[in-house]
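Student: I'm new to this one and would like a close look at a single part. Could you walk me through it slowly?

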Amino acid sequence: MNLLDLPVLLLSAARALVDGIDAGVRARGFTDLRPAHGFAFARLAGEGATVVQLAEHLDVTKQAASQMVEELAQKGYVERRPHPTDARARLIVLTGKGRACTRAADEAAEEVLRPWADDLGPERLTALRQDLAKLATPGRLRPTW
């Protein structure tokens, strides 16, 4: 058994997923975003996050996260609100446009993943999900492309 092909296979599958979601988001009219923005949206969905929390999630500096937030705010995807419990912090939340983009990304992900699920079948898909859940480290996602 050659273990060294696993990183290439896992990274290739991840890249295919990200590229497919990116293409689907663009096809739905959100042409001014990069895949890294999607990783930020994943953290901001729900109740939002501070710049510090976003930086930790993306594994980037606070300055890099601040620049991304500024870019997304200028494009109308996020807005800054007062933090409900910390007067010194600002909460970054998705706008209606940001939530629409997130829905577009979910639809695109379904389009990419459906053929994978069909190819694997329900039993192998369940086993793959369980195996990946054992191996994956929850939390930070570093968008390297």
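Student: Let's take helix H5: at which residue does H5 bend, and by about how many degrees?

Tutor: Before we dig in, this is a predicted model, where local features need pLDDT of at least 70 and side-chain atom pairs count only at pLDDT 80 or more, while totals for chains, interfaces and linings use all residues. Residues are numbered from 1 along each chain as its sequence is written, and side-chain values use heavy atoms, with hydrogens and water left out.

Now, your helix. The bend in H5 sits at Gly-121 and comes to about 110°; that's the angle between axes fitted to the seven residues ending there and the seven starting there. A proline, Pro-122, follows within four residues. You can also see the bend's mark on the end-to-end span: H5 covers residues 96-135, and its end C-alpha atoms are only 35 Å apart, where a straight helix of 40 residues would span 58 Å. The expected span is 1.5 Å times one less than the number of residues. Helices here are DSSP runs of H or I with at least four residues, and strands are runs of E with at least two, numbered from the N terminus.

Gly-121 also turns up among the buried residues of H5, a list that includes Cys-101, Ala-109 and Val-112. Buried means under 20% relative accessible area, exposed over 50% and partly exposed in between, with a 1.4 Å probe and protein chains only. What covers those residues? Helix H1 (5-27), helix H2 (35-44) and strand S2 (90-94) are among the parts that do, where contact means heavy atoms within 4.5 Å.

S2 is mostly covered too, with four of its five residues buried. Strand S1 (residues 78-82) runs antiparallel to S2, and five bridges join them; two strands pair if DSSP finds at least two bridges between them. In that pairing, Pro-82 stands opposite Arg-90 of S2.

Back in H5's range, look at Lys-97: it lies over the face of Tyr-77, at 4.5 Å from the ring centre. A charge counts as over a ring if NZ of Lys or CZ of Arg is within 6 Å of the ring centre and within 35 degrees of the ring normal. Tyr-77 counts as buried because its relative accessibility is 1%.
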